[in-house]
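Me: Let's go through this model together. Can you start with how you count empty space, then take my questions as they come?

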Amino acid sequence: MSRRRLVSTHPRPERVLLVGASVRGARERLSMEDSMAELAELAGSAGGEVVGSVTQRVARPTQHYLGQGKLETLREAVRDLGADTIVCDDELTPTQQRNLERALGGVKVIDRTALILDVFASRAQTREGRLQVELAQHEYLLPRLAGQWTHLERLGGGIGTRGPGETQIETDRRLIRGRLQKLKRELDSVSTHRSLYRAQRRERGLSVVGLVGYTNAGKSTLLNALTGAGVPAEDKLFMTLDPVTRRLRLGGGRTALLTDTVGFIQKLPTSLVAAFRATLEEIGESALILHVVDFTHPNAAQHVEVVNSVLEDLGAGDTPRVLVLNKVDLIGPAETVEDLALLAPARVLGDSNTPVVMVSALRGTGLDDLLATIGQGLVELEAAPTG
């Protein structure tokens, strides 16, 4: 009797090798080590298996992203680790990406932006979310089309190669530009619909409270805890792409609307911010912003800085806000919430006068204090003179 051997048909994950190049003297919010750790988490979220990393500090950006000596180290690592994909920790220029692929013998090379776009594509659930991600992907791809046709060079040139290659690139560019125009028209329609909806809310006298924060800070968990929204909340990056708005009861018969939207991250691609304009407008229209921070994260202060920078870019830098320091249930028992509250402003805000509330969205700790702070903040805004 012959033995049957079971063969798995499940595709193995891509073996990902991470590459980082830090320019000496450049201001960085996160250290190279922390940035690479975040890149590894992104790669895991995209379904990759991280097999190693190569880093270098360079005097200035190079045409291969790395210096020549470190490039040889990268070649050896690709060979020894059997890497399928190289992921660089910065957005590469089309020339850098092309040069790096050539130097590595055709191994696939992508950058942080492409990786974030891939994670977003896997998370998008609604039609609006998919439109926004597709727009960002096409904006990213357009200047890189020439590199997609390098296979024509292997034909050795001659009759029938150069002309068709250029024609195909131009055809692709025309198709993508046409698709971009269509996507922008559809998203403009979404933006118009949201504007009308916001006007209706204003007529009804409903204040909007926006939830913002670094990715995986616990915003969706907090939304669920405060409103019973029941939205998916997992320990993964970018679990929320589409805005979710729920009624928030503040006590005394007062209500507001609480809106959760996409989390932020360092080196957030500008194409993503532009593509998600209709969604992010919800933040700009908020009367009050809840800035949720994973207080247990060692880079909490840097995360606050990243979010504040994005809010400035969105024109919401002056919107009143409450700093919500989340996940205090993970703090050691020797430290009380009161002790941490005294340390919190120094740790993440410096001399800011922004109200700070300590909570555990998962355990329900501090939620009453947070609701009271939100209510008080809205009362003060209503009482403030206009004009």
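Reply: Sure. On a 1 Å grid over the protein atoms alone, a cavity is a set of points where a 1.4 Å probe fits but cannot get out. A pocket is an open set with protein on both sides within 12 Å along at least five of seven lines. Lining residues have an atom within 4 Å of a point. Points join across faces, edges and corners, and a volume is the space filled by probe spheres set on them. This is a predicted model: local features need pLDDT of at least 70, side-chain atom pairs count only at pLDDT 80 or more, and totals for chains, interfaces and linings use all residues. Residues are numbered from 1 along each chain as its sequence is written, and side-chain values use heavy atoms, with hydrogens and water left out.

Me: How many cavities of 30 Å³ or more are there?

Reply: Two. The largest holds about 50 Å³, and the second largest about 30 Å³.

Me: What lines the largest cavity?

Reply: Phe120, Val262, Gly263, Phe264, Leu268, Leu272, Val273, Phe276 and Leu280. By class that is eight nonpolar, one polar and no charged. Ala, Val, Leu, Ile, Met, Phe, Trp, Tyr, Cys and Pro count as nonpolar, Asp, Glu, Lys and Arg as charged, and the others, Gly among them, as polar.

Me: And which residues line the second largest cavity?

Reply: Gly210, Leu211, Thr259, Thr261, Glu282, Ile283 and Ser286. Two are nonpolar, four polar and one charged. Strand S5 (208-213) and helix H9 (277-284) each give at least two of them. Helices (H or I, at least four residues) and strands (E, at least two) are DSSP runs, numbered from the N terminus.

Me: Switching to the sheet. What is the strand order?

Reply: S6-S7-S5-S8-S9-S10, an open sheet of six strands with mixed pairing. Two strands pair if DSSP finds at least two bridges between them. S6 (244-251) and S10 (356-358) are the edge strands, each pairing on one side only.

Me: How do S9 and S10 run?

Reply: Parallel, joined by three bridges. Leu323 has Val356 in S10 as its bridge partner.

Me: Which strands does helix H12 lie across?

Reply: H12 (residues 367-383) lies across S5, S6, S7, S8, S9 and S10, at about 90 degrees to S6. Helix H7 (residues 219-227) lies across S5, S6, S7, S8 and S9, at about 155 degrees to S7. Axes are lines fitted to C-alpha atoms, for helices over the stretch in contact (heavy atoms within 4.5 Å). Angles run from 0 to 180 degrees between N-to-C directions.

Me: OK, pockets. What is the volume of the largest pocket?

Reply: About 710 Å³. It is lined by 33 residues, with Asp89, Asp90, Gln266, Lys267 and Leu268 nearest its centre. The lining has 14 nonpolar, 10 polar and nine charged residues.

Me: Which residues are closest to the centre of the second largest pocket?

Reply: Lys108, Ile110, Ala114, Leu115 and Asp118, out of 23 that line it. The volume of the second largest pocket is about 450 Å³. Its lining divides into 11 nonpolar, seven polar and five charged.

Me: Last one. How much of the protein is buried?

Reply: Buried residues are 46% of the 387, where buried means under 20% relative accessible area (1.4 Å probe, protein chains only). The protein has 12 helices and 10 strands.

How values were computed. Buried means under 20% relative accessible area, exposed over 50%, partly exposed in between (1.4 Å probe, protein chains only).
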